[in-house]
Structures are given as structure tokens and as C-alpha cells.
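Visitor: I would like to know how the words used for a structure are justified. Please show me one and explain the terms.

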Amino acid sequence: TSPKSSSYEIVTLTTWLLQQERTGAIDNEMTIVLASISTACKQIAALVQRAPISNLTGVQGAVNVQGEDQKKLDVVSNEVFSNCLRSSGRTGVIASEEEDVPVAVEQSYSGNYIVVFDPLDGSSNIDAAVSTGSIFGIYAPNDECLANVEDNETLDSVEQRCIVSVCQPGSNLLAAGYCMYSSSVIFVLTVGTGVYVFTLDPMYGEFVLTQEKLQIPKAGKIYAFNEGNYALWDDKLKKYMDSLKEPGDSGKPYSARYIGSLVGDFHRTLLYGGIYGYPRDKKSKNGKLRLLYECAPMSFIVEQAGGKGSDGHQRILDITPTEVHQRVPLYIGSVEEVEKVEKFLA
Ligand code: AHG
Ligand code: MN
Ligand code: MN
Ligand code: MN
């Protein structure tokens, strides 16, 4: 590592991105896309922190393609994210939880990256000022959906190409990250060279590097599941859940922690170890979480930190979406904890 220029060296996200560019881990177009995403997250952080003041709590009055009542901040965050990506000029296609279909970005004139995102995760927490977040993933441009639409092409054929361009396995991700809006605003990022954690310094509005090459503990006795769905789970899963409550040879059962925001529950799991799960159940045949912009980016991050992301039987990153908003069951966290639930489900 380069010698410290001074005893008090601050590495901002911008500095870090330029370092990654110099080592060839990312190119300068990706640098610009990631910088524009960090700007979107800072803007959303400011909006979230003042939501009750600026009348941005509560519902928008519309239902999104997920069938969810959109919160006002779901819509605003989606616009903030989309605008920052458009103005980067390096984004070819965006796919969002809050957009029915992926959108080709006309203003793209280079780079053409494909960005998938959940602009506001855990949005049901907003009105109670409980942790929320934004999740994103970045794929390399592919010729399925170049931004420049052929003039004689019909709109729905462009739409079809964009759907094809985003429906790729998480193993193709070049970068993934999230921003957590909590007691601190935390930006977590991987570009395939490990997991890096940045904390927003409100004194001057920059993300400052606070943890590098983060590794998730191999095991952890904390589990995060919505046990309200217990009655709807299949028997093998019930047996797993019951096993966590037995003292076992350590004499202590597991602890339950559930924030109701994937970003919050995942970030605690990444730092303390343990497991987050959103299983399928009798009502939600594929679980609740979306593969493209929730499960795949989080699985890329957890694998970069030495953890595991599974649908209960297979690696999340090996699953190719057949449609943009496809849902999959998710078990993610410490290797030993994910392998334990996989054994029960086998
Ligand atoms: P989103 O707010 O982006 O729709 O995601 C909500 C997800 C996830 O963040 C959270 O872990 C899960 O929904 C909570 O679901 P339940 O309320 O059913 O437990
Ligand atoms: Mn939602
Ligand atoms: Mn979400
Ligand atoms: Mn969301």
C-alpha cells in the first residue's frame, strides 16, 4: 500500500475510486457512474433525514409494478437515482424496483453501463424514521440494448432488448453496493477487489473510507427472519427455525434481530455475522425479495466478504432472471449459517 502521506490521511470515496482506476480494477466511465450513484445516495440521505419536515412521509397514492403502495420517497428516490445516472452520460440502461420495465437512457454517449437499483429499500420504515437504504448493481454494456435506438425500430422492440440486456446472472456484476440511511449514512461498495465501507461525514458531505477488505465472520448466532410467516413455511424450514431456539452445546440459543429493511439487516449481518432470510412460503411461492436489484447485488457483496448468498439450494449469483422483477427466496450471511439452513432444506 502507498506510504501514508500524513499521519491523518483521509481517503474519500472519490480518492478511492481514482486509486481503483489507477490499478485497472475499474475504468474511468465506471468511476463516473459510481460517483453519480454516490451523489444520488447523498441526496436521498438528505431527503430521508428531513422527510417529516418536508411532507415526504406517507404514501404517494399509486401502486407499483410489485403491487406495493408506493411511498412518496419511493418515487422521489427513484427520480433522484434516475436523474443522477442520466446526467452521468455513462449509463445505457436502468432497471429499478419502481419502474415497470427497464429504461434505455438516451443521454448516454459513452460507457453505456447497465445499472439496476432499488432506490429506497425498507421504505415501510420511513414514517417511523427506522433504517432504510438504496441498493445497486452495475453490469457491463452489452449490445442487446445500445442507447441509440435505430430510427425505424418500434418502441416495444427497444423495450424487449432492454429486458434481455438486464436479465443476466449476478455472476456478471462488475460492481455492487448499497447506502444505508441510519444513525450513520454508510456506503458499502465492491468492484470485485473486496468490500469497502465509507461513512458520510456531514461536516463536508463526503463519504470517507472507514473499513477496507471487510470480512464477514464465518459464523454468528444472530438470525433475521420475519417469523410472522412461520405458519406458512414448509416443515423443513420450521425445523431449522426451531433448532435456533435450542441452547445447543454452547448453552445459548440464537438472538433474533429484524429491522424490516434488507439493507439494515444485511449490514448488521455483514459486520457481526449471522444470517438474514426471506424464505418462500405458502402465499409467496418465490419469497418476497427481487433477484435483480436486491438479492444479486447483496450476494456479490457477501461473497466478496467471504460469506454466502443462496436461494436455499443454489448460489444466488448463478441464477439468470427470466423476468426483470423476478422474486427468489434468499438466505444470506456467514458461510456456516447459510450452509446450516441449506442442510435442513435439502
Ligand atoms: P422494499 O422496501 O424495497 O420494497 O423492500 C422491502 C423488503 C426488505 O427491505 C425487507 O427486508 C423486507 O421487505 C421486509 O419484508 P416484511 O415486511 O414482509 O418482513
Ligand atoms: Mn418496495
Ligand atoms: Mn428493497
Ligand atoms: Mn424499494
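The talk below sets values against definitions.

Guide: This is a predicted model, in which local features need pLDDT of at least 70, side-chain atom pairs count only at pLDDT 80 or more, and totals for chains, interfaces and linings use all residues. Residues are numbered from 1 along each chain as written, chains are lettered from A and ligands numbered from 1 in the order written, and side-chain values use heavy atoms, with hydrogens and water left out.

Visitor: Which residues come nearest to ligand 1?

Guide: Asp-121, Gly-122, Tyr-258, Tyr-276 and Tyr-278, out of 18 around ligand 1. A residue is near a molecule if one of its heavy atoms lies within 4 Å of it.

Visitor: What makes the pair between ligand 1 and the side chain of Asp-121 a polar contact?

Guide: A polar contact is a pair of N or O atoms within 3.5 Å. An oxygen atom of ligand 1 is 2.7 Å from an N or O atom in the Asp-121 side chain, so the pair qualifies. For Asp-118 the distance is 3.0 Å, and for Lys-288 it is 3.0 Å, so these pairs qualify by that definition. The protein covers 87% of the 470 Å² of accessible area that ligand 1 has on its own, by the Shrake-Rupley method with a 1.4 Å probe.

Visitor: Which strand gives the most to the shell around ligand 1?

Guide: S5, with three residues. Strands are DSSP runs (E, at least two residues), numbered from the N terminus. S5 spans 113-121, and S13, at 275-278, also supplies at least two shell residues.

Notes:
A polar contact is a pair of N or O atoms within 3.5 Å; within protein, one must be able to donate a hydrogen and the other to accept it, and residues adjacent in sequence count only if both atoms are side-chain atoms. Helices (H or I, at least four residues) and strands (E, at least two) are DSSP runs, numbered from the N terminus.
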